[in-house]
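The following exercises concern a single protein chain. Each task is followed by a solution in steps.

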Amino acid sequence: MAKETNDIWDKDFGDIIVDREKTKRFSYRYRGSMRMSMGLFFSNNEYDCWRNAVLSKKLP
């Protein structure tokens with residue numbers, strides 16, 4: 001009888017919520033992109049608004 005293993009990629013973590021202020025507040029904890037640490041990125045809501053605006057434009 002084999003033991004069943006639970007791997008990390010088998011787990012469901014749900015939706016990832018990107019929050020600009022929280023990312024800027026904890027930016028000292030990671031060494032990543034300067035844009036991320038300065039808050040120069042889209043949050044989830046801003047990206048959805050931008051995406052809908054782009055997709056609603058008519059092509060020439």
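**Exercise 1. Fold pattern and overall extent**

Determine which pattern of secondary structure the protein chain follows along the sequence, and establish how its radius of gyration relates to the globule rule.

Solution. The model is a predicted one.
- Step 1: Along the sequence, the elements of the protein chain follow the order α-α-α.
- Step 2: Counting by type gives three helices and zero strands.
- Step 3: The radius of gyration is 18 Å, whereas the globule rule gives 10 Å for 60 residues; the former is well over the latter, so the chain is more spread out than a compact globule.
- Step 4: The C-alpha trace spans about 65 × 35 × 15 Å along its principal axes.
- Step 5: As regards burial, 8% of the 60 residues count as buried.
- Step 6: The accessible surface amounts to about 6,300 Å², and carbon and sulfur atoms contribute 56% of it.

**Exercise 2. Charges and their pairing**

State how many positive and negative side chains the protein chain has, and identify which residue forms a salt bridge with Glu-46.

Solution.
- Step 1: There are 12 positive and 9 negative side chains, and the centres of these two sets are 10 Å apart.
- Step 2: Side chains of opposite charge can pair when their charged atoms come close.
- Step 3: With a cut-off of 4 Å between a side-chain nitrogen of Lys or Arg and a carboxyl oxygen of Asp or Glu, the count is one salt bridge.
- Step 4: The partner of Glu-46 is Arg-20, with 2.7 Å between the closest N and O atoms.
- Step 5: This pair links distant parts of the chain, since Glu-46 belongs to helix α3 and Arg-20 to helix α1 (residues 20–25), 26 residues apart.
- Step 6: Glu-46 has a relative accessible area of 32% and is partly exposed; Arg-20, at 22%, is also partly exposed.

**Exercise 3. A nonpolar surface patch**

Name the residues that make the nonpolar surface patch, and locate Phe-42.

Solution.
- Step 1: The patch is made by Phe-42, Tyr-47, Trp-50 and Val-54, and covers about 400 Å².
- Step 2: Phe-42 lies in the loop between α2 (34–38) and α3 (44–56).
- Step 3: The relative accessibility of Phe-42 is 45%; because partly exposed residues fall between 20% and 50%, Phe-42 counts as partly exposed.

**Exercise 4. Ser-37 and Ala-53**

Place Ser-37 in its element and give the C-alpha separation of Ser-37 and Ala-53.

Solution.
- Step 1: Ser-37 sits in helix α2.
- Step 2: Its relative accessibility of 22% makes Ser-37 partly exposed.
- Step 3: Ser-37 and Ala-53 are 16 residues apart along the chain, and 27 Å separates their C-alpha atoms.

Notes: Residues numbered from 1 in each chain as written. Predicted model: local features only at pLDDT ≥ 70, side-chain atom pairs only at ≥ 80, totals over all residues. Heavy atoms only, no water. Patch = residues over 30% accessible without salt bridge, like charges linked within 9 Å, V, L, I, M, F, W, Y side chains within 5 Å. Areas by Shrake-Rupley, 256 points an atom, 1.4 Å probe, with all protein chains shown as cover. Helix = DSSP H or I, 4+ residues; strand = E, 2+ residues; numbered from the N terminus. Buried < 20%, exposed > 50% of the residue type's maximum accessible area, 1.4 Å probe, protein only. Rg over C-alpha atoms; globule rule 2.2 N^0.38 Å. Lys, Arg positive; Asp, Glu negative; His and termini not counted. Charge placed at Lys NZ, Arg CZ, Asp CG, Glu CD.
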